[in-house]
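Colleague: I am new to reading protein models and would love a close look at one part of this one. Could you take me through the pockets and the residues around them, and then point out a few other places worth finding on the screen?

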Amino acid sequence: MKAIGLTEFGGPEVLRVLELPVPEAGPGEIRIRVHAATVNPVDTLVRRGIAFVSDAEPPYVPGMDAAGVVDQIGKGVDTDLAVGDHVMAVVVVSGTHGAYAEHVVVPAESVVRAPAGATDIEAATLPMNGLTAHMALDLLELPAGATVAVTGAAGAVGGYAVQLAKADGFRVIADAAPKDEQLVKDLGADVVLLRGTDFPELVRKEIPDGVDGLVDTVGIAALAIRAVRDGGRVASSVGGVQVPAERGIETRNTFVPQYAREHAKLDRLRELAEKGSLTPRVARTLPAEHAPEAHRLLEAGGLRGRVVVTF
């Protein structure tokens with residue numbers, strides 16, 4: 001099968017076409033013929049040798065989001081899926097096991113039907129990014145009616161965080177650049193404030209005591225924590241961000257592989273997408289062979305959604 005991967009770490013130019021054996025679905029597993037794989041920030045960490053490579057030998061295949069059709073069902077899988085059904089899946093990367101490939105095998109719990117009416121390209125943006133936002137909100141452990149601030153609300157994870165927070169019954173205060181204000185409002189944010197270093201102070205003008213929780217998707221939790229009330233919570237989707245403990249505020253970090261087999265949560269993303277409560281976020285589509293360009297686009301910033309590579 002064709003895959004996109006690397007044998008040495010470095011910039012986008014190290015990504016190249018590989019020929020790898022087609023994996024077989026073992027007991028409890030499903031093989032997917034991948035039609036679309038989303039390019040996420042963690043993929044650039046794999047490419048640079050920072051994430052998901054410590055226990056594996058090269059080549060390495062990135063990719064944590066896949067969508068396509070069921071190609072093979074292993075023994076003992078209890079599922080209503082059949083060969084040929086359109087599905088989406090979250091992939092935990094290990095060595096050549098990544099979504100940038102024509103076939104990928106994953107645990108059955110990591111696969112759900114693609115949302116009705118969604119293309120494979122659209123469905124591919126939901127699993128990892130949606131579960132990251134879901135996990136962040138779960139980590140806040142707030143009751144319905146609480147107020148949540150979201151940073152990076154115009155981005156993929158941030159946008160999903162806004163929409164999932166609204167689905168959970170929260171009041172949402174989000175940041176946006178002027179050009180993205182309408183986008184973030186359309187995602188459902190109750191209040192949209194100017195992004196930047198003044199965001200915490202703007203939140204405090206809106207809610208003097210501070211918000212109950214903060215979902216930080218851009219790595220500014222150390223700054224944005226000033227918007228959180230005493231005893232509130234912060235959930236960050238950006239690894240390695242250090243947030244000083246203060247005012248009894250607890251900070252937690254997402255690690256989406258812990259949700260890779262949370263089938264019900266993944267299927268909830270499908271349900272919300274079918275209802276129109278969750279909007280797939282596709283910024284660009286490129287053939288898989290153009291993965292280096294996809295990585296360059298991602299690292300240049302400014303995307304309002306994800307680049308998706310197709311097979």
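Modeller: Happy to help; we will start with the pockets and then visit some residues and loops elsewhere.

Please keep in mind as we go that this is a predicted model. The largest pocket holds about 1000 Å³ of space. A total of 43 residues line this pocket, and those nearest its centre are Pro41, Thr217, Ser237, Val238 and Arg306. Two or more lining residues come from each of helix 1 (41–47), helix 3 (127–140), helix 4 (156–167), strand 9 and helix 9 (291–300). Which of the elements gives the most to this lining? That is helix 1, with four residues. Sorted by class, the lining of the largest pocket has 19 nonpolar, 17 polar and seven charged residues.

The second largest pocket has a volume of about 160 Å³. Its lining is made of 14 residues, with Asp80, Leu81, Val111, Val112 and His263 the closest to the centre. Strand 7 (111–113) and helix 8 (263–275) each supply at least two residues of that lining. By class, the lining of the second largest pocket divides into six nonpolar, two polar and six charged residues.

Let us pick one residue to go with each pocket. For the largest pocket, try Val157, which lies in helix 4. Is Val157 buried or exposed? Its relative accessibility is 12%, and a residue under 20% is called buried, so Val157 counts as buried. Leaving aside neighbours within four places in sequence, Val157 is in contact with Asn129, Thr132, Ala133, Thr217, Ser237 and Arg306. Three of those names may ring a bell: Thr217, Ser237 and Arg306 are among the residues nearest the centre of the largest pocket. You can also compare sequence with space here: Val157 and Met128 are 29 residues apart in sequence, and their C-alpha atoms are 9.0 Å apart.

For the second largest pocket, look at His263, found in helix 8. His263 has 35% relative accessibility, so it counts as partly exposed. Beyond four places in sequence, His263 touches Ala108, Glu109, Val111 and Val112. Of these partners, Val111 and Val112 are listed with His263 itself among the residues closest to the centre of the second largest pocket. Gly130 is 133 residues from His263 along the chain, and 13 Å separates their C-alpha atoms.

Now move to helix 6 (residues 199–206), where Phe199, Pro200 and Val203 are buried. Why do these residues line one face of the helix? Seen down the axis of helix 6, the buried residues fall within an arc of 100°, so they line one face. The elements covering them include strand 8 (147–151), strand 9 (171–176), strand 10 (191–194), strand 11 (211–216) and helix 7 (221–224).

Two buried residues in strands come next. Arg31 lies in strand 3 (residues 29–39). Arg31 has a relative accessible area of 10%, so this residue is buried. A polar atom of the Arg31 side chain lies 2.8 Å from the backbone oxygen of Pro23. Not counting residues up to four places away in sequence, the residues that Arg31 touches include Glu24, Val69, Asp71, Gln72 and His103.

Leu18 belongs to strand 2 (residues 16–19). With a relative accessible area of 6%, Leu18 is buried as well. Setting aside residues up to four places away, Leu18 touches Met1, Lys2, Ala3, Gly5, Leu6, Pro59 and Val61. To get a feel for distances, find Pro143, which is 125 residues from Leu18 along the chain, with 48 Å between the two C-alpha atoms.

Pro59, one of the partners of Leu18, brings us to some backbone details. Most peptide bonds are trans, and most residues other than glycine have a negative phi. The peptide bond from Pro58 to Pro59, however, is cis, with omega near 5°. Pro59 is found in the loop between helix 1 and strand 4 (65–73). Phe52 is placed in the loop between helix 1 and strand 4 too, and its phi is near 60°, a positive value in a residue other than glycine. Phe52 is partly exposed, with a relative accessible area of 24%.

Arg247 also has a positive phi, near 55°. Look for Arg247 in the loop between strand 12 (228–236) and strand 13 (250–253), where this residue is partly exposed at 32% relative accessible area.

Methods: Residues are numbered from 1 along each chain as its sequence is written. This is a predicted model: local features need pLDDT of at least 70, side-chain atom pairs count only at pLDDT 80 or more; totals for chains, interfaces and linings use all residues. Side-chain values use heavy atoms; hydrogens and water are left out. Buried means under 20% relative accessible area, exposed over 50%, partly exposed in between (1.4 Å probe, protein chains only). A polar contact is a pair of N or O atoms within 3.5 Å; within protein, one must be able to donate a hydrogen and the other to accept it, and residues adjacent in sequence count only if both atoms are side-chain atoms. Contact means heavy atoms within 4.5 Å. The arc is that of the directions from the helix axis to the C-beta atoms. On a 1 Å grid over the protein atoms alone, a cavity is a set of points where a 1.4 Å probe fits but cannot get out, and a pocket is an open set with protein on both sides within 12 Å along at least five of seven lines; lining residues have an atom within 4 Å of a point. Grid points are joined across faces, edges and corners, and a volume is the space filled by probe spheres set on the points. Ala, Val, Leu, Ile, Met, Phe, Trp, Tyr, Cys and Pro count as nonpolar, Asp, Glu, Lys and Arg as charged, and the others, Gly among them, as polar.
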